Amino acid sequence: MSTQPLLEVKNLKKYFKTPKGMLHAVDDVTFTIERGKTLGVVGESGCGKSTTGRAILRLLEPTSGEVLFEGQDVVKLSDEEMRKKRTEMQIIFQDPFSSLNPRKTISQIIADPLKINKIITNKDEQMNRVRELMETVGLADRLINTYPHELDGGRRQRIGIARALALNPKFIVCDEPVSALDVSIQAQILNLMKELQRKMGLTYMFITHDLSVVNHFSDDIAVMYLGRLIEKAPSEELFANPVHPYTQALLSAIPIPSLDNKRERILLKGEITSPIEPPKACRFANRCPHATDRCRAEEPPLKEIAPGHFVSCFLCD
């Protein structure tokens, strides 16, 4: 059995040109995801979570860095080679309405990847595969000729999942797949995704800003702040022993359903550093209660402080 991780991301960068300079959306991000595991990626809006996921799949072309999928650098693949590779790497989008074509029925939407990639060309076989996928994700057969606008959010997201599964991928980027859904529906979709992972051996990169969701769903958690990876650890370890001040503040914000909750909320003050041409310093220094002159003058590297626990902070020294 190969011990090589399914996905290795090395020094990934994605910059955007703006009138004021280069916006560092993803800056020098490095991590690995083991086969059949889930990496949860968390952080506030605009920290670069979704951009990282899209750069890995080359829906956005990375500025630099390596993305090794089963040892092969997908950044170096030609357009044609990348098209073939995409059958193994899929994405479930955040909004289950805008990511589906309103002019197509459920069966047409789910059959599209099979047609485009010429996996199944026979129409009857395509319909059989569509029915099989609908059953897999819990969509009733009677819905086969309905349109997305006729369904609720949960069913629409199931269509997105069925479409992502159509090509039997190994790796799926889940870009906040439950954030637009009601809480009861969220639980159904998460349970479905867990079940599919168990049955099909799927590997997930699960992007979210909901920390209580990520704790239950992920094997490892990576915390991002302004384009940089600042802490990564196994899920239980991160919740039991958060080291970076930003991670501690994030975890303190999780609501606890208890009247005698004694946990103190850490409120962050100070100005957020601009992601456009950011200084060579800790991006969190302006809001950090423990920041020193060194934090404002140097960029802390990502260091392993315990087995599998990486932190980018001078406090660990």
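Helices here are DSSP runs of H or I with at least four residues, strands are DSSP runs of E with at least two, and both are numbered from the N terminus. The model you have open is predicted, so local features need pLDDT of at least 70 and side-chain atom pairs count only at pLDDT 80 or more, while totals for chains, interfaces and linings use all residues. Residues are numbered from 1 along each chain as its sequence is written, and side-chain values use heavy atoms, with hydrogens and water left out.

**Stop 1: helix H1 and its surroundings**

Select Arg-58, just after H1, and you'll find a positive phi of about 60°. Now step back to H1 itself, residues 49-56. Six of its eight residues are buried (buried means under 20% relative accessible area, exposed over 50%, partly exposed in between, with a 1.4 Å probe and protein chains only). Color Lys-49, Thr-51, Thr-52, Gly-53, Ala-55 and Ile-56 to see the buried ones.

**Stop 2: the open sheet**

Next, show the four strands that form an open sheet in the order S2-S1-S4-S5, with antiparallel pairing. Two strands pair if DSSP finds at least two bridges between them. At the edges are S2 (21-33) and S5 (72-73), each pairing on one side only. H1 packs on this sheet, touching S1 (7-18), S2 and S4, and its direction makes about 115° with that of S1. Contact means heavy atoms within 4.5 Å; axes are lines fitted to C-alpha atoms, for helices over the stretch in contact, and angles run from 0 to 180 degrees between N-to-C directions.

Zoom in on S4 (residues 64-69), which is joined to S5 by two bridges. Pick Phe-69 and then its bridge partner in S5, Gln-72.

**Stop 3: strand S8 and its partners**

Select residues 203-207, which make up S8: five of the five are buried, so the strand is largely enclosed by the rest of the structure. Thr-203, Met-205 and Ile-207 point one way, and Tyr-204 and Phe-206 point the other way.

Add S3 (residues 38-42), which pairs with S8 in the parallel sense over four bridges; here Gly-40 stands opposite Phe-206. Then add S7 (residues 171-175), also paired with S8 in the parallel sense, over five bridges. Ile-172 has Tyr-204 as its bridge partner in S8.

While you're in S7, click on Asp-175. Is Asp-175 buried or exposed? At 3% relative accessibility, Asp-175 counts as buried. Leaving aside neighbours within four places in sequence, Asp-175 touches Ser-50, Arg-54, Ile-92, Phe-93, Gln-94 and Ile-207.

**Stop 4: helix H3 between two views**

Show H3 (residues 106-116) with H4 (residues 123-136): their axes are 9 Å apart, at an angle of about 115°. That makes H3 roughly perpendicular to H4 (angles under 35 degrees count as roughly parallel, over 145 as roughly antiparallel, 65 to 115 as roughly perpendicular and the rest as oblique). Residues making this contact include Ile-110 and Leu-114 of H3 and Val-130 and Leu-133 of H4.

Finally, bring up H5 (residues 153-165), whose axis comes within 7 Å of that of H3 and crosses it at roughly 25°. That makes H3 roughly parallel to H5. To see where they meet, select Ile-106, Ile-109, Ile-110 and Pro-113 in H3, plus Ile-159, Ala-162 and Arg-163 in H5.
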